[in-house]
Amino acid sequence: MNHLPLIIKREYLTKVRNKSFIIMTFLSPLIMIALIAVVAYLSQLNNDKKRTITVLDESGYLKDVFQNTENTTYNNLEDFSLEEAVALVKKTEGYGLLYVEKVDSLNEVSDKIKFYSEETPSLSVISGIEGRIERRLKEMKLQKDGVSMAMIRNAETKINIVQENYEGKTSSKEGNIVKLIFGGLAGYLLFMFIIIYGNMIMRSVIEEKTSRIIEVIISSVKPVQLMLGKIIGTSLAGITQFAIWVVLGGVLMVVVGLILDIDLLAMQTQQLEVIQQSLETSGINKEVGEAIVAFQNLPILNLVIAFIFFFIGGYLLYSSLYAAIGAAVDNETDTQQFMLPILMPLILAVYVGVFTVIEDPHGTVSTVFSFIPLTSPVVMLMRIPFGVPPWQQILSLLLLIGTFMFAVWFAAKIYRVGILMYGKKPTYKELFKWLKY
Amino acid sequence: MNDLLVADSVSKSFGNFKALNEVSIAVPKGSIFGLLGPNGAGKTTLIRIINQITIPDEGKVQLDGQPLKPEHIRDIGYLPEERGLYKSMKVGEQALYLAQLKGMSKSEARSRLKYWFDKLDIGDWWNKKIQELSKGQAQKIQFVVTVLHRPKLLIFDEPFSGFDPINANLIKDEILQLRDEGATVIFSTHRMESVEELCDHIALIHKSNKILDGKLNDIKRQYRTNTFEVGLQSANSDSVIAEIKNKFEVLPATFKNLNDDIKLNVKIDESTSSNDLLSFLASKAEVNHFVEVIPTANDIFIQTVKNN
């Protein structure tokens, strides 16, 4: 008798009607958006802050280095002693005082610069000032050695290597960022999904055990059916919740943006620019153009298909392990010892994804971890935007499916025995014995 | 085939522990079969094997002449000792779900539930959550769910625990009525007074082995000691007692009766009939009380378990 649809329906309805589930579904996006809005608002405040930096240059080398910018006003002092300058800055509540000692030669300047302020100055302000001074000193030293300013300007070069594979597909750093975002998003989504809904499955198994209904249920259905019904029902509830989060989050984002007059989208592009700037690229329009090209060049179809398969495979693999843990213990506090072996590969996968795949998407470490079943869903999803040969994807998927079937068999064994075991906290040795019952 | 359920040399081990050792039972159709035994004897394991929750290592189980197969779960209603329902689910919804798992259609389950809820006068619980009911109330629901799909075989594991005497009686009457309507009942308990009241057949399991089974009356006959409770009245009781002691084996007796001078348990041997004893006693004194001591299920239980 196939009771699977019936069990799935019950699990789904129970989850969806659960009060805390409903509250979480509608509250989480609110909290998230509220947090983002607060952070955005505060950082905007921070950016808008005007500061005045007073400069006392006794060496005379650094005149004209500091030009006023939108947020920073430089106030050059002359004929002040250090004490007087400090007193003035204190009185006028300026941001700080940049002091350059009187020196005999250009070479000594670099050691004679100090910044006085009430509080520790922000890192970006200091590094900005350092950058300007370094540039100026370098230019002045070169000029002293007889290099003209024109020659210095002329020597400045920007490099942007065009990357092209043997089939003639070009890629760019901007394109890589787009790929990273897509891969990272897919991998991270899977990671979150496993943790949130895996736990939910585990709790619902434990609930059946503690309420002692389990014996009635399994005198009607096979434990495997019950387990699969639970996993699928909970996953559907999870997908529902995720969908609501995405829609609600999107709507709220727009609404909050309008209300607080914060251009959240602009903020995100700002962040993107920061990443790109750190890679020292030039020409914003060109970057955007390249990003769009990269997006269009993404193996979209491959990505979507792989996402579906690896997501389902990875999620089912982990959730069957979660179900087995739920069956093995009596209450949630006992789950700790069994959680570690599940969380380790998952966290490892995310680390490998974030650190190694970005560094070298087709290197040995990335490739190996995209085959190991417990890490492959996350790592492979992060690799695929960079183009992974089909045979690798298929092999990895087959390994994943094989492991999944083994895990279901394993979990079903533990589940079948465990759900009727009460009282004692099992050890790994006992779990192994259960396999033979 | 007059037996609904036959278990043939069923064995089951958990690791090194042998939970059942070649246990065979035969449950006649339409009987109430008492499955007895001390705690940890293996009763629950046997019941779980019948319910196909656990698979036996060796031996066969047949239901209605066929080896057990998955379809048979429709024919069995099982009330486990460890009872429980989904706490946050509504009574009606939950009963419908469990009935559907037993293969009933939703509409059929609904009309049957209505019948039972009316019968037990619990109709207004339909939309309550289990956690709002008392333990006894929840057990009533569980009883209804167990019998709802009209199974051929009903298995009750300690059905009366948690019920007050009034509700326990109510449930007992329902069980008897279900039996009269043709159901066969396996009844697992330690409470011997309910065994006396209900069971036609019993099997006693002790330390994984079946040590006794048969019709309850046959077993009682087998365990009879030919002992009679005797209450006499006589003017010179000392000499009467001496005379009886001379002829028969006499044990002290403690039964309740209205002012008998002499209370004795008298044991007779195979060659003596109860009539012989009675006429002997009547010739010596006035007989107010004369009853054969029939071993109770409790006595048999304790005696058999101790001897093994």
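**Exercise 1. Two residues with positive phi**

Task: Determine whether Arg150(B) counts as buried, partly exposed or exposed in this predicted model, and then treat Glu22(B) in the same manner.

Solution. Begin with the neighbour count of Arg150(B), which has 16 C-beta neighbours inside 10 Å. A residue is called buried at 20 or more such neighbours and exposed at 12 or fewer, so Arg150(B), with its 16, counts as partly exposed. Next, locate the residue: Arg150(B) belongs to the loop between helix 4 (135-147) and strand 7 (153-157) of chain B. Its backbone has a positive phi of about 45°, although Arg150(B) is not a glycine.

Turn then to Glu22(B), which is also no glycine and has a positive phi of about 45°. Glu22(B) is placed in strand 2 (residues 17-28) of chain B, and with 14 other C-beta atoms within 10 Å it is partly exposed.

**Exercise 2. The sheet with strand order 12-13-11-14**

Task: Work out which strands of the open four-stranded sheet in chain B stand at its edges, and describe how the strands pair.

Solution. First, write down the order of the open sheet, which is 12-13-11-14 in chain B, with antiparallel pairing. Strand 12 (249-252) and strand 14 (286-292) of chain B each have a single partner strand and therefore stand at the edges, one side of each being left without a neighbour in the sheet. On average, neighbouring strands of this sheet are turned by 30° against each other, direction being ignored.

Second, follow the pairings of strand 13 (residues 262-267) of chain B, which is joined to strand 12 of chain B by four bridges in an antiparallel arrangement. Within this pair, Val250(B) is opposite Val266(B), while Pro252(B) is opposite Leu264(B). Strand 11 of chain B is likewise antiparallel to strand 13 of chain B, with six bridges between them, and here Leu232(B) has Ile262(B) as its bridge partner.

Third, assign the faces of strand 13 of chain B: Ile262(B), Leu264(B) and Val266(B) form the covered face, whereas Lys263(B), Asn265(B) and Lys267(B) form the uncovered one.

Fourth, add the helices. Helix 8 (residues 237-247) of chain B lies across strand 11 (227-233), strand 12 and strand 13 of chain B, and runs at about 5° to strand 13 of chain B. Helix 9 (residues 274-284) of chain B also packs on the sheet, where it touches strand 11, strand 13 and strand 14 of chain B, and its direction makes about 160° with that of strand 14 of chain B.

**Exercise 3. Domains of chain B**

Task: State where the domains of chain B begin and end, and how far apart their C-alpha centres lie.

Solution. Chain B is divided into domain 1 (3-221) and domain 2 (225-292). The C-alpha centres of these two domains of chain B lie 45 Å apart.

**Exercise 4. Strand 1 of chain A**

Task: Identify the strands to which strand 1 of chain A is joined, and give the direction of each pairing.

Solution. Start with the setting: chain A has 16 helices and six strands, and buried residues make up 32% of its 437 residues. Strand 1 (residues 51-57) of chain A is mostly covered, since five of its seven residues are buried. Six bridges connect strand 1 of chain A with strand 2 (residues 72-77) of chain A in parallel, and in this pair Thr52(A) stands opposite Thr73(A). A further five bridges connect strand 1 of chain A with strand 3 (residues 96-100) of chain A, again in parallel, where Gly96(A) is the bridge partner of Ile53(A).

**Exercise 5. Core and interface**

Task: Find which residues touch the most other members of the largest nonpolar core, and which element of chain A gives the largest share of the side that touches chain B.

Solution. The largest nonpolar core has 128 residues, of which Ala323(A), Leu381(A), Ala411(A) and Ile155(B) touch the most other members. Helix 11 (residues 300-328) of chain A supplies the largest share of this core, 14 residues. Leaving aside residues up to four places away in sequence, Ala411(A) touches Met227(A), Ser320(A), Leu321(A), Ala323(A) and Ala324(A).

For the interface, note that 17 residues of chain A are in contact with 21 residues of chain B. On the chain A side, helix 1 (4-17) and helix 7 (214-218) are the elements that give two or more residues, and helix 7 of chain A gives the largest share, four residues. By class, this side has eight nonpolar, five polar and four charged residues.

Technical notes:
Residues numbered from 1 in each chain as written. Chains lettered and ligands numbered in written order. Predicted model: local features only at pLDDT ≥ 70, side-chain atom pairs only at ≥ 80, totals over all residues. Pairing = 2+ DSSP bridges. Axes fitted to C-alpha atoms, helices over the stretch in contact; angles between N-to-C directions. Contact = placed C-beta atoms within 7 Å. Nonpolar A, V, L, I, M, F, W, Y, C, P; charged D, E, K, R; others polar. Domains from an automatic or database assignment. Core = buried A, V, L, I, M, F, W, Y, C linked by C-beta atoms within 7 Å.
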